[in-house]
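Me: I've got a model open and a stack of "says who?" questions about the labels people put on it. Can we go through them one at a time?

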Amino acid sequence: MRDVPERRAALQAGRVLAMAGQGDMVWGHVAVRDPDGRGIWIKAPGRGLEEVHDRDLQLVSFGGEVLDGAGSPHIEAHIHLEIMRRNPAVTCTVHSHAQAAVAFAALGTPLLPISHDGALFGGKDVPRFTTTGALVSTPDLGKALAETLGDAPAALMHRHGLVAAGEGVHAAVMHAVLLERACRVQLTAMAAGPIRDHSDAAEALAKRDQCWSDRQLRAGWDYLLRRADQAGTGQDVA
Ligand SMILES: [Zn+2]
């Protein structure tokens, strides 16, 4: 078949997420929209984010059917399918079980812009999916999650993990990375004492545009990809 750059991007995204500490053994996944509108490129179940080869990728239709690749799709492929169905501009989605996100969600406290990472939401709290903490195993649950995410860069999935989306693989992956870091920083601060200072809404909005422009997101992604390449995690297209 002809080369599909999105396949390479899906492999790179998995390696970068693992490098950023979002791996959870063989659970969690990233999806890249097929450029011809056939569905999403996503890894098959059973392999970690950083150990996926080209042969482990599947093309999954918006109906949940595997059009290319072997085996069944991830049971939670609905997360990606429904977010992309809802928002045609989104070309990449991430779902991970990042531990800091899970721990922070359990506190039920607003995510505050106490760092650059936290300014990603422009001074608003992060959206939270609370309908279920179990697997997003049906199209209806996927739709509900997509509604919760809306046009935000990322959302917490209470008792489960996080989801992120973006126009470009670099954006979706960086949104996931930034949310996890924002949760981790706030957990650290709260463990030490009450939070006494954070950006107000105006500063958070300004910082979001300043710190997290598309150019900055791409620079962060490029850095993480270099780190993943240096560490030799996983394989690229073979
Ligand atoms: Zn999950």
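Reply: Sure, starting with a term we'll need: a pocket is an open set of grid points with protein on both sides within 12 Å along at least five of seven lines, and its lining residues have an atom within 4 Å of a point. Keep in mind that this is a predicted model.

Me: What makes up the lining of the largest pocket, and which residues lie nearest its centre?
Reply: By that 4 Å rule, 25 residues line the largest pocket, and Leu120, Asp151, Ala152, Pro153 and His175 are the ones nearest its centre. The elements giving two or more residues to this lining are β8, α5 (169-192), α6 (201-211) and α7 (214-231). The space inside is about 520 Å³. By class, the lining has 13 nonpolar, 6 polar and 6 charged residues.

Me: And which elements give two or more residues to the lining of the second largest pocket?
Reply: The second largest pocket holds about 170 Å³, and α5 and α7 are the elements with two or more residues in its lining. The largest share, 6 residues, is from α5. Among the lining residues are Met174, Arg181, Trp212 and Tyr223. The class split is 8 nonpolar, 1 polar and 3 charged.

Me: What makes something a cavity instead, and how many cavities of 30 Å³ or more are there?
Reply: In a cavity, a 1.4 Å probe fits but cannot get out. The search of the whole structure turns up 2 cavities of 30 Å³ or more. The largest has about 60 Å³ of space, with a lining of Ala10, Leu11, Gly14, Val30, Ile42, Lys43, Leu49, Val52 and Leu57. Here α1 and β2 (40-43) are the elements that give two or more residues, and α1 provides the largest share, 3 residues. That lining counts as 7 nonpolar, 1 polar and 1 charged. The second largest cavity has about 30 Å³ and is lined by Ile83, Arg86, Asn87, Val90, Ala146 and Gly150.

Me: Why is strand β5 described as largely enclosed?
Reply: Buried means under 20% relative accessible area. In β5 (residues 92-96), 5 of the 5 residues are buried, so the strand is largely enclosed by the rest of the structure. In a regular strand the side chains alternate between the two faces of the sheet. In β5, Cys92, Val94 and Ser96 sit on one side, Thr93 and His95 on the other, and both faces are covered.

Me: How do you know which strands pair with β5?
Reply: Pairing takes at least two bridges between the strands. β1 (residues 29-33) is joined to β5 by 4 bridges, antiparallel, and β8 (residues 161-166) pairs with β5 over 5 bridges, also antiparallel. Cys92 gives you a place to look: Val32 of β1 stands opposite Cys92, and so does Gly166 in β8.

Me: Is Pro113 buried or exposed?
Reply: Pro113 has 6% relative accessibility, and the cut-off for buried is under 20%, so Pro113 counts as buried. This residue is in the loop between α3 (99-107) and β6 (128-129). Leaving out residues up to four places away in sequence, Pro113 touches Gly118, Ala119, Gly123, His198, Ser199 and Ala204. The C-alpha atoms of Pro113 and Val32 are 29 Å apart.

Me: Why are Met25 and Arg159 called exposed?
Reply: Exposed means over 50% relative accessible area. Met25 has 63%, so Met25 is exposed, and Arg159 counts as exposed at 52%. Met25 lies in the loop between α1 (5-19) and β1, while Arg159 is in the loop between β7 (154-157) and β8.

Me: What is the phi of each?
Reply: Most residues other than glycine have a negative phi. Met25 has a positive phi of about 50°, and the phi of Arg159 is positive too, near 65°.

Me: Last one: how do you know that the overall dimensions agree with a compact globule?
Reply: For 238 residues, a compact globule would have a radius of gyration near 18 Å, and the protein has 17 Å, so the two agree. The C-alpha trace spans about 55 × 40 × 30 Å along its principal axes. The protein has 7 helices and 8 strands, and buried residues make up 51% of its 238 residues.

Conventions: Residues numbered from 1 in each chain as written. Predicted model: local features only at pLDDT ≥ 70, side-chain atom pairs only at ≥ 80, totals over all residues. Heavy atoms only, no water. Buried < 20%, exposed > 50% of the residue type's maximum accessible area, 1.4 Å probe, protein only. Contact = heavy atoms within 4.5 Å. 1 Å grid on protein atoms, 1.4 Å probe; cavity = no way out; pocket = protein on both sides within 12 Å on 5 of 7 lines; lining within 4 Å. Points joined across faces, edges and corners; volume = space filled by probe spheres on them. Nonpolar A, V, L, I, M, F, W, Y, C, P; charged D, E, K, R; others polar. Rg over C-alpha atoms; globule rule 2.2 N^0.38 Å.
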